[in-house]
Amino acid sequence: MAIDLVDLVKGYFTPDLIQNAATLVGESPATTQKALAGIVPTLVGALANTGSTSDGAQQLTRILDGGKYDGSALDNVVSLFGGGKSTQGALSAGKGILDSLFAGKLAGVTELLARFAGVRTESASSLLALATPLVMHVLGSQRAAVGRDPGALASLLGEQKSLLRGLVPAGLGSLLGWSGASAGVPQLGVSVASASSPVGRQVVAEPAETERPSWIFPLVVLGALALAAITWLNWPTTQTATEPPGARKMSLLQLPDGAKISVPESSFNASVANWLGSTADVRVPKRFVFEDLNFETASTTLTPDSVATVNSLVAVLKAYPAAAVALEGYTDNTGDPISNKKLSLDRAVAVKDVMVKGGIVESRITTAGYGQDNPVASNETEDGRAKNRRLELVVVKR
């Protein structure tokens, strides 16, 4: 039975890892997992394409041996996406391998994946680079079963072609200089639903040709995977509204504990981190109003985007262990005042729970709910009511 590299890699993308990755790049968990769903088979396809020649197989063997990609990192995959030294090392190593696989076409491949997942180009670039060492470790771990020589590696990668074969996504063939790759498949020919069988894949019939150029099949391997990737990996997705890629400029914050987080410039988390790291203003209490923090209607369940916001705050507070904070919830004046006060407290507690689960000591966080008290805008307008429905972080000790 053929070794399925995509399925093996898929097994490492746990909810915790996806959440870490989302926090690291400043995207929602839903769009992050969609990006990874496209990235993994694209990488496997690129490796299969490179390994289809003797020189390419030898090149990949050197990369595996030189980088010690032997599966040793698979016991702690989450660390690759944790924001510390392991992440920086993985980013650097991944970018080097990607340059070898895609050469001058890497920027275009990254942009295509960003559009596919609805994430910023920078996010797609980071996720692509971080996923590369993971895929290489999975590939390296399988060499023990098939043999370490380049011929065995080429055979293993060759087996992936029948597992990955499918339609070329729009634009990828021309991007990589393989014109005519989608000939005979007008407008891609099938939908995502019809591109996968009940067990996850379906080989798409192609028109018969008297002669097929040798590069067609590697291209089909490489191009496949954007349309059917979600089905293949069988990850659940949540439909959430996202900002258009590039709508907000991102800032990479270096925290005192060595962690790095990517957050929108001048955002809530950027403001908290910059204030805690500054000696110009040390007065407490200091108030910050959460942004990008939303709950499901009439509930205390955070939306996926909001969980990412809270997890970024967790990273900031871990870097400043002396800080203590209060979470204060507020509502507008719609509905019953007593129910509003309870809802505002429950939502503050829900955010605290996420922070505690993320590693913040419970004693560092207090909660309060004030309902419709202390409005910051008029409740006579929808815009004003929206401003009054808020959660504030109050730093009481730094």
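The secondary structure of the protein comprises 15 helices and 6 strands. The model is predicted. Of the 398 residues in the protein, 49% are buried. Contacts were considered between residues at least 6 apart in sequence; 74% of these join residues at least 24 apart. The exposed surface of the protein comes to about 18200 Å². Carbon and sulfur atoms supply 53% of that area.

Helix H14 spans residues 337-357 and contains 21 residues. From first C-alpha to last, H14 reaches 30 Å. This is close to the 30 Å expected at 1.5 Å a residue. The buried residues of H14 begin with Asn340, Ser344, Arg347 and Ala348. Ala350, Val351, Lys352 and Met355 complete the set. An α-helix has 3.6 residues a turn, so residues three or four places apart point the same way. The buried residues of H14 pack against two kinds of element. One is a helix, H13 (304-319). The others are strands: S4 (324-330), S5 (365-369) and S6 (390-397). Glycine 359 follows H14 and has a positive phi, near 120°.

A loop connects strand S2 (260-264) to helix H12 (268-276), and glutamate 265 lies within this loop. The relative accessibility of glutamate 265 is 39%. Glutamate 265 therefore counts as partly exposed, the class between 20% and 50%. Along the chain, glutamate 265 and serine 251 are 14 residues apart. Their C-alpha atoms are separated by 5.3 Å.

Terms used
Residues numbered from 1 in each chain as written. Predicted model: local features only at pLDDT ≥ 70, side-chain atom pairs only at ≥ 80, totals over all residues. Heavy atoms only, no water. Helix = DSSP H or I, 4+ residues; strand = E, 2+ residues; numbered from the N terminus. Buried < 20%, exposed > 50% of the residue type's maximum accessible area, 1.4 Å probe, protein only. Expected span 1.5 Å × (residues − 1). Contact = heavy atoms within 4.5 Å. Areas by Shrake-Rupley, 256 points an atom, 1.4 Å probe, with all protein chains shown as cover.
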